[in-house]
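Hi,

Here is the structure I promised to pass on. Have a look at it first, and my notes come straight after.

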Amino acid sequence: MREDIKSFITKVQKPGRYTGGEPGSIYKNKEDVKLRVAFCFPDTYEIGMSNLGMRILTGVLNEMDGVWCERVFAPWIDMEAEMRAHNVPLFAHESGDNVRDFDIAAITLQYELCYTTALNMLDLAGIPLRREERGEEYPVILAGGPCSYNPEPMADFVDIFSIGEGEEALPELCALYINMKENGTYTKEAFLREASHIEGFYVPGLYDVDYNDDGTVRTIEPKYSDVPKTVRKRIVKDVNGAYVPTNPVLPVIETVHDRITLEVFRGCIRGCRFCQAGFVTRPVREKSPDVLAEQARIIADNSGYDEISMCCLSISDYSKVNTFTDKLLEWTDDERINLSLPSLRADSFTKELMAKISTVRSSTLTFAPEAGSQRLRDVINKNVTEADILRAAGVAFAAGKNQVKLYFMNGLPYETEEDIVGIAKLAKSVIEEYYKTPGANKKRQPQATLSVACFIPKPFTPFQWERQNTAEELEAKQKLLLSSLTDRKIRCNYHDAKVSRLEAVFARGNRRLGAALEEAVKRGMSFDAWEEIFDYDKWMEVFSATGIDPAFFANREMADDEVLPWDMIDCGVSKSFLIRERHKAKEAATTPSCKEKCSGCGANCLADPEQCRWCPGHTEEEAEYLGQNVRLEDIKMPTDDGKRDGRGAGAAKNPSKKPVRAVKFRFRETGALTYVSHLDINRAVMRGLVKSKLPLYYTEGFNPIPKLTFASPLSVGCGGENELARFKIVEEVPDEYILERLRASMPDGIEVLEVYSSDSNFKEIAWAENEINFRCTVPDGAEEALAKAFTAPVVVLKKTKSSEKEVDISPYFKDISFERTDGGMKIRVFTCADNTNYLNPEYIAKVALKILDETDGGYHTVTRKQFYKKNGEIFV
């Protein structure tokens, strides 16, 4: 942890975002490192650490000898303000070194509204935004991710774009950098020229873009003959052999997706005409069930996570989904690990799948009809009928679910008011299906939650040429939908139309948008994807100041033959295929899925024939699967001998045994974990317990978890030398063995000191001894002034759940003493530690800081030393 953030780290929200030191972090000897990469995620730590792509790519690079890839996240606005006020530049998570001092800064662009945040990160690092302003002393700026399929809005700022999948491409780029450095041929200009020769890398500075008088692109031409005219995306052909982070970095604070994420397959057999991911990730490449099950087991053992999420565009399209889930259930129930799925296709959702993934973490299943009428579903090539949707909902209701979430879009091409009203009608039909379903629990009220997004035309889709509705048109359609909903059992959430408009501007933008992005960053704009920060009016001012008409990019229909800003990129799906699909949409004509018929999209040219499993050349087993047209009612619900009943994993199959005894353990809490909340500490220790494989006693509820109790929570920023916690075991094992297992499984910052059993109750704890060390300027007479300040009454402004009020804290502390040190002042004090009168020792520090001076980079640390009973005895 950087020394220069200690003076303000406890002032910001969630300081654990910035401390580093998580279990699984990679550290290397700098003397052995030839290339340092800063992998930058332009959003908060919780979002970035939930991104599987970041975990994969940092892991791949760290597998290379001589390469150290560190993580960097965008500091939240409060942290950024403190960093700028204290002249602290953007730093890497592992080493704490300035991002400016790295060789390559790699930025992942996951969504258009992260562009300003990405550029703001460069600015915070002290790196000039525009590539022509960066000399040899600055890192090479590399960008990738889904938004790189239209790199042009960011082309003025990025040196190299990685197009497609990076597991094989990025190591090749790093090897090129190291080789050129070692043989003395490296200059940034020479490196970029050589990088353009590697498939999958687009170097925007090596291309000239000319425009017509109307603002459309006239030509995109490479400046040199050795630079490719088009850049073909990279794919990994053998996904079974692709890198998987089996020993993942375990966040010390809760993240958005705090679980195991398994990538089941890449690509999509469907052809939804609005969906960029469905086209740019082709061809379909599946992992084998054996590989997936083995990877899941290893990650579970190394992480202690209790949930596995299957990552792909449509899990029910995985040809071996039943075999795979069977293999998982061979051990996940015993380990009390839940299985969860992303949104499901209604036409391939089965009772069997429902039984296997039944989980009480959420009583809701998600389906994506996308449109309210069959005509519009045909326009977008969804290939799902209302009967499919109602049948899938019925399967969920029959299995005990009473809530369904339905994803829709408004503003789709060729949409009418009738289609909007159809959304409300379909939702009403889903509710009615609940009451028609045999076996549904009629005592519980059903609920359908609608999530309605605004259509955004995306590159490399058949709808890339279509206009987006204006913000006013989208808002009018949202009002129409709301007025059509009359059943209180239907809830509706919808996206901000103005946010969606800005997304469309950058989704179809060209290089001229660089001026707007630069101006926005100058005005302090970032985190545009966050509702509480996004400011549409400010963006309109930015566009006006830079002479840009946002309607030109978002609300204009494009001709088939228009040169598109991203035409230098080859995503594998041919432009002629996309045009055919565009015109079929006008006729509401559907295209079958790849499992039914190859439609000649061109993606199979990117892989060996056998790698594109949905194109000609299937095995007999695959052909048999592809020929199936099984209806849901024909599939019998597996009985599983009554061992699974819809509760959480293992709740029914493995009811917890009775505990044989309670085990207490004493531990020291230090390092990064002192800056996280007690809830996060609880999660970290819980994962450690699960990893230990001890015979733990689990709670008896619908979602069984190990029974874990702490003596008293530590406040954020406070460490502990003799902390106590208790859990129960169902089989007798020696304390020495328990100690060994706990020490091996707990995260860094939790040092297990002792394991024992005793009859004492944590409720007997009355006082805690604390040591507060100030690194600060101590004025003359400080001891006398402190003694006076802590003479009753000692009034502080204390936070409550709803407000702040003045409280006399003198009854809640005792035996306070002061001692000068070489660096400042040390205070020892006993504070109340019982549940009703607990006093955060930080209030003691606040009173002391009225006398002590921390303004010049000073800070203080709080350490809880020991627990005591009311009679003064040490609690054990």
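Below is what I found, strand by strand and then the pocket.

A word on ground rules: this is a predicted model, where local features need pLDDT of at least 70 and side-chain atom pairs count only at pLDDT 80 or more, while totals for chains, interfaces and linings use all residues. Residues are numbered from 1 along each chain as its sequence is written, and side-chain values use heavy atoms, with hydrogens and water left out.

Let's begin with strand S3, residues 104–108. (Helices, H or I with at least four residues, and strands, E with at least two, are DSSP runs numbered from the N terminus.) Five of the five residues in S3 are buried, meaning under 20% relative accessible area with a 1.4 Å probe and protein chains only; exposed is over 50%, and partly exposed lies in between. Ile104, Ala106 and Thr108 sit on one side of S3, with Ala105 and Ile107 on the other, so to speak a strand covered on both faces.

What does S3 pair with? Strands count as paired if DSSP finds at least two bridges between them. S3 runs parallel to strand S1 (residues 35–41), with four bridges, and parallel to strand S4 (residues 140–144), with five bridges. Ile107 is a handy residue to click on: Cys40 stands opposite Ile107, and Ile107 also stands opposite Ala143 in S4. Helix H4 (residues 115–124) joins in as well, making a right-handed β-α-β unit with S3 and S4. Right-handed here means that, with the strands pointing away from the viewer, the path from the first strand over the helix to the second runs clockwise.

S1 has another parallel partner in S2, through seven bridges; one of the pairs is Leu35 with Val67 in S2. Strand S2 covers residues 67–73, and seven of its seven residues are buried. Val67, Cys69, Arg71 and Phe73 point one way from S2, while Trp68, Glu70 and Val72 point the other way.

Further along there is an open sheet of three strands, in the order S10-S13-S14, with parallel pairing. Its edge strands, S10 (260–263) and S14 (338–340), each pair on one side only. From one strand to the next the twist averages 25°, using axes that are lines fitted to C-alpha atoms (for helices over the stretch in contact) and angles from 0 to 180 degrees between N-to-C directions. Strand S13 (residues 307–311) meets S14 over three bridges, and Ser309 stands opposite Ser340 in S14.

Now the second largest pocket, which holds about 1200 Å³ of space. A pocket is an open set of points on a 1 Å grid over the protein atoms alone, where a 1.4 Å probe fits, with protein on both sides within 12 Å along at least five of seven lines; lining residues have an atom within 4 Å of a point. Of its 42 lining residues, Thr10, Ser715, Val716, Asn840 and Glu842 are the closest to the centre. Helix H21 (678–692), strand S25 (795–799), helix H24 (842–848) and strand S29 (859–869) each give at least two residues to the lining, and S29 has the largest share, with four.

One last residue: Ala603 lies in the loop between helix H19 (575–586) and helix H20 (620–626). Ala603 is buried, at a relative accessible area of 1%.

Cheers

How values were computed. Points joined across faces, edges and corners; volume = space filled by probe spheres on them.
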